[in-house]
Amino acid sequence: MKRIFVFVFVLFAVLGLQGADNPKYVFLFIGDGMSTPQRMIADEFSRKLGNGQLAINTLPAHATTRTCSSNSLVTDSAAAATAIACGERTNNGRIGMSADGSRKLVSLAEVARDKGKKVGIVTSVTINHATPAGFYGHRKSRSEMYAIGLDLIASKFDYFGGGGAAKHDDKKSPLYKGDIYDLAAKAGYKVIGTRKELLALKPGDGKVLAYGVRDTILPFAIDRKDQSVATLAEFTAKGIEMLQDNPKGFFMMVEGGAIDYAGHSNDAATNLREVLAFDDAVKVALKFMEKHPNETLIVVTGDHETGGMTMGFAGTGYALYMDRLMNQTCSAANFIAQFQKMKKENPDLKFDDVKKFLSDSFGFKFEVKTPEILAHEKNPKKYPMKGRDPMILTAQEVKQLETAFKDKKTTALGTAAKKIISAKAGVGWTSGAHTGLPVLTTSKGVKSEIFTGFINNYDIAIKMKSIL
């Protein structure tokens with residue numbers, strides 16, 4: 001009997017020590033569409049900008065992470081978010097539900113809430129998009145945007161920040177009860193929509209639903225020209241401020257969702273700027289960790305890879321020229337929107353009329369073709385031109401742009417331009433969709449050593465639940 005008592009005493013003592021070692025503050029950062037290529041190319045791009053190595057690539061613990069869903073080797077964001085959040089694989093399209101749609105799954109954010117931690121969800125895309133929804137939503141389809149908005153309110157999480165709520169007033173939804181923002185306010189959330197209001201928030205203000213743009217995503221980082229909309233890093237910083245006044249700490253998920261958008265469109269410069277904006281948000285958490293080194297865990301991962309992005313292109317041989325992407329001043333999507341406006345205002349628009357616009361947007365240079373240049377373009381090996389500005393367009397590249405300009409699809413010119421600048425930089429693309437590449441998970445802080453080796457995406461939730 002005495003031996004049994006001693007055994008039980010020791011067991012509880014060990015369990016108590018394990019609990020004491022668990023982190024009080026837990027961050028999970030998810031780069032949507034971000035795999036190793038995006039991280040490494042953005043790292044090189046950051047160095048060329050003079051900003052040094054990405055913070056996410058300095059985290060000491062590493063894990064290669066498999067990303068497939070239960071019904072495909074290539075996952076979508078809904079199934080990936082559900083696996084990362086809940087610890088179980090599901091079919092593509094499911095949000096917080098089992099593969100057959102019969103069971104609601106419990107997310108690690110819900111576990112944290114029920115354990116007394118405050119919970120924050122931040123994203124650069126819409127707040128009821130697939131990845132953030134995986135942490136609070138329970139729907140058979142990610143397309144049930146309005147219903148997911150209802151789940152957001154029902155979660156009673158403490159802080160939501162980033163993009164707006166898509167279809168927030170969808171009267172066609174069979175569950176329609178009113179505008180999501182109005183319903184959130186009635187449920188006790190302080191709903192704010194400006195950067196000024198966000199920065200003015202204080203911890204005593206209670207639960208918050210803060211958006212940068214009411215109906216859509218935050219502006220792409222490359223298109224951010226003013227200070228009217230908060231950045232992902234600012235939403236993260238304010239989230240920390242609002243959540244940290246809690247004896248049991250907090251859990252926060254932050255998504256760099258627009259990385260995926262730029263990956264789908266194969267827009268290299270926009271993609272890399274989004275990775276850098278995501279990295280800035282991680283830096284905010286690392287700064288917080290400096291004040292709480294023995295209480296904080298930071299985990300950074302991706303839900304899948306998007307675009308089949310590669311470090312290398314046949315036209316540049318064994319070389320990358322990330323500095324050439326610095327010439328791009330707006331997203332391809334922004335360029336296309338502006339070009340469509342130009343065409344609408346001037347139906348007789350000529351190619352010569354858009355050359356300056358192309359130069360301003362992508363850094364392209366149109367040059368008079370001297371005999372020396374023509375000889376070089378015809379046979380570059382026989383007639384090399386050392387020191388020639390790489391942003392000067394070749395005859396073939398100009399022809400590509402002219403052909404795209406004449407295309408009935410007004411998106412064609414932007415598509416051609418982003419392909420040309422990717423090629424000049426040495427960045428390759430294999431898809432406009434997701435791929436089955438594994439992603440890299442890196443971490444730092446309390447219990448970060450458990451996120452190492454070769455793991456599955458659902459292991460992240462299982463491991464995090466064990467330490468919450």
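Which residue just after α6 takes a positive phi of about 60 degrees? The residue is Lys 156, and its surroundings appear among the views described below, all drawn from a predicted model.

**Figure 1. Overall view of the predicted chain****.** The chain holds 17 helices and 14 strands. Along the principal axes, its C-alpha atoms fill a box of roughly 100 × 50 × 45 Å. A compact globule of 468 residues would have a radius of gyration near 23 Å, and the 24 Å of the chain agrees with that value. Of the 468 residues, 54% are buried. Among contacts with a separation of 6 or more, 74% come from residues 24 or more positions apart.

**Figure 2. Helix α6 and its covering elements****.** Helix α6 spans residues 145-155, and 10 of its 11 residues are buried, so the helix is largely enclosed by the rest of the structure. The buried residues are Met 145, Tyr 146, Ala 147, Ile 148, Gly 149, Leu 150, Asp 151, Leu 152, Ile 153 and Ser 155. The elements covering them include the helices α4 (108-114), α5 (130-133) and α7 (180-186), together with the strand β4 (159-162).

**Figure 3. Loops on either side of β4, with Lys 156 and Lys 167****.** Lys 156 is found in the loop between α6 and β4. Its phi is near 60 degrees, a positive value in a residue other than glycine. The relative accessible area of Lys 156 is 57%; the residue therefore counts as exposed, for which the cut-off is over 50%. Lys 167 lies in the loop between β4 and α7. The phi of Lys 167 is also positive, near 50 degrees, and this residue is likewise not glycine.

**Figure 4. Surroundings of Ser 361 in helix α13****.** Ser 361 belongs to helix α13, which covers residues 351-362. With a relative accessible area of 4%, Ser 361 is buried, because the cut-off for that class is under 20%. Leaving aside residues up to four places away in sequence, Ser 361 touches Asn 327, Gln 328, Thr 329, Cys 330 and Phe 335. One of these partners, Phe 335, is 26 residues from Ser 361 in sequence, while the C-alpha atoms of the two are 7.1 Å apart in space.

**Figure 5. Packing of α13 on α16****.** The axes of α13 and α16 lie 11 Å apart, and the helices pack at an angle of about 45 degrees. At this angle α13 is oblique to α16. The crossing of α13 past α16 is right-handed. Helix α13 contributes Val 354, Leu 358 and Phe 362 to the contact, and α16 contributes Leu 413, Ala 417, Lys 418 and Ile 421. By class, these residues divide into 6 nonpolar, no polar and 1 charged. As general background, an α-helix has 3.6 residues a turn, so residues three or four places apart point the same way.

**Figure 6. Packing of α15 on α16****.** Helix α15 (residues 395-406) and helix α16 (residues 412-425) have axes that come within 7 Å and cross at roughly 160 degrees. Because an angle over 145 degrees counts as roughly antiparallel, α15 is placed in that class relative to α16. The crossing of α15 past α16 is right-handed. On the α15 side, the contact is made by Glu 397, Gln 400, Leu 401, Ala 404 and Phe 405. On the α16 side, the residues are Ala 412, Leu 413, Ala 416, Ala 417, Ile 420 and Lys 424. The contact of α15 with α16 comprises 8 nonpolar, 1 polar and 2 charged residues.

**Figure 7. Packing of α3 on α17****.** Helix α3 (residues 77-86) packs with helix α17 (residues 457-467) at an angle of about 25 degrees, and their axes are 5 Å apart. This angle makes α3 roughly parallel to α17. From α3, the contact involves Ala 80, Ala 83, Ile 84, Ala 85 and Cys 86. From α17, Asn 457, Tyr 458, Ile 460, Ala 461 and Lys 465 take part. The contact of α3 with α17 consists of 8 nonpolar, 1 polar and 1 charged residues.

Notes. Residues are numbered from 1 along each chain as its sequence is written. This is a predicted model: local features need pLDDT of at least 70, side-chain atom pairs count only at pLDDT 80 or more; totals for chains, interfaces and linings use all residues. Side-chain values use heavy atoms; hydrogens and water are left out. Axes are lines fitted to C-alpha atoms, for helices over the stretch in contact, and angles run from 0 to 180 degrees between N-to-C directions. Helices (H or I, at least four residues) and strands (E, at least two) are DSSP runs, numbered from the N terminus. Angles under 35 degrees count as roughly parallel, over 145 as roughly antiparallel, 65 to 115 as roughly perpendicular and the rest as oblique. A crossing is left-handed if the near helix is turned anticlockwise from the far one by less than a right angle, and right-handed if clockwise. Contact means heavy atoms within 4.5 Å. Ala, Val, Leu, Ile, Met, Phe, Trp, Tyr, Cys and Pro count as nonpolar, Asp, Glu, Lys and Arg as charged, and the others, Gly among them, as polar. The radius of gyration is taken over C-alpha atoms; the globule rule is 2.2 Å times the number of residues to the power 0.38. Buried means under 20% relative accessible area, exposed over 50%, partly exposed in between (1.4 Å probe, protein chains only).
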